[in-house]
Amino acid sequence: MTNDMAMQLKGYGMTMAQILYRMPDHPTFLQTYIWQHYDLAPDFPEMKSFLRFWQEKLDGPLHSIRYVHRRLISASEWRALKGEFIIN
């Protein structure tokens, strides 16, 4: 089982954030950064960690953040198989 699949089975879903930030040399201009990672809703610890890193280490001050989250696998979509048929 891949690491991505294991995370999805633990409840993680895909989170995408559109981050608008001010350019350090030209503060009147806004630049866009797209961030995408598996995260847990509604607390979003991965995104909060990334934004904390951004504020502490990067020069461009944040302007705004828009995000979407989608669980890719839910309990009703997952089922265990008990057998396998192989056809030549």
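Two strands pair if DSSP finds at least two bridges between them. The legends below apply that rule to a predicted model.

**Figure 1. The whole chain holds two helices and three strands.** From the N terminus on, the order of elements is α-β-β-α-β. The chain has 88 residues, and buried residues make up 22% of them. The accessible surface comes to about 7200 Å². Carbon and sulfur atoms hold 54% of that surface. Among contacts with a separation of 6 or more, 58% link residues 24 or more positions apart.

**Figure 2. Three strands build an open, antiparallel sheet.** The strand order is S2-S1-S3. S2 and S3 are the edge strands, and each pairs on one side only. S3 covers residues 62-70. From one strand to the next, the twist averages 15 degrees. Helix H2, residues 45-57, lies across S1, S2 and S3. H2 runs at about 145 degrees to S2.

**Figure 3. Strands S1 and S2 pair over 10 bridges.** S1 spans residues 13-22, and its pairing with S2 is antiparallel. S2 spans residues 30-39. One bridge to follow here starts at Gln 18, whose partner in S2 is Ile 34.

**Figure 4. Eight bridges join S1 to S3.** These two strands also run antiparallel. Thr 15 gives one place to look: its bridge partner in S3 is His 69.

**Figure 5. Ile 34 belongs to a nonpolar surface patch.** The other members are Met 16 and Val 68. Together the three residues have about 260 Å² of accessible area. Ile 34 sits in strand S2. Is Ile 34 buried, exposed or partly exposed? Its relative accessible area is 47%, so Ile 34 counts as partly exposed. Patch members need over 30% relative accessible area, and Ile 34 has 47%. In a regular strand, side chains alternate between the two faces of the sheet.

**Figure 6. The loop between S2 and H2 holds Pro 42 and Phe 44.** A cis peptide bond joins Ala 41 and Pro 42. Omega at this bond is about 5 degrees. Phe 44 is not a glycine, yet its phi is positive, at about 50 degrees. How accessible is Phe 44, and what does Phe 44 count as? Its relative accessibility is 8%. Buried means under 20%, so Phe 44 counts as buried.

**Figure 7. Tyr 12 is a buried loop residue.** Tyr 12 lies in the loop between helix H1 (3-9) and S1. Its relative accessible area is 18%. The cut-off for buried is under 20%, so Tyr 12 is buried. Which residues is Tyr 12 in contact with, leaving aside its neighbours within four places in sequence? They are Met 7, Tyr 38, Asp 39 and Leu 40. Tyr 38 is 26 residues from Tyr 12 along the chain. The C-alpha atoms of this pair are separated by 5.8 Å.

Methods. Residues are numbered from 1 along each chain as its sequence is written. This is a predicted model: local features need pLDDT of at least 70, side-chain atom pairs count only at pLDDT 80 or more; totals for chains, interfaces and linings use all residues. Side-chain values use heavy atoms; hydrogens and water are left out. Patches are made of residues with over 30% relative accessible area and no salt bridge: like charges are joined within 9 Å, nonpolar side chains (Val, Leu, Ile, Met, Phe, Trp, Tyr) within 5 Å. Accessible areas come from the Shrake-Rupley method with a 1.4 Å probe; for residues, only the protein chains shown count as cover. A salt bridge is a side-chain nitrogen of Lys or Arg within 4 Å of a carboxyl oxygen of Asp or Glu. Helices (H or I, at least four residues) and strands (E, at least two) are DSSP runs, numbered from the N terminus. Buried means under 20% relative accessible area, exposed over 50%, partly exposed in between (1.4 Å probe, protein chains only). Axes are lines fitted to C-alpha atoms, for helices over the stretch in contact, and angles run from 0 to 180 degrees between N-to-C directions. Contact means heavy atoms within 4.5 Å.
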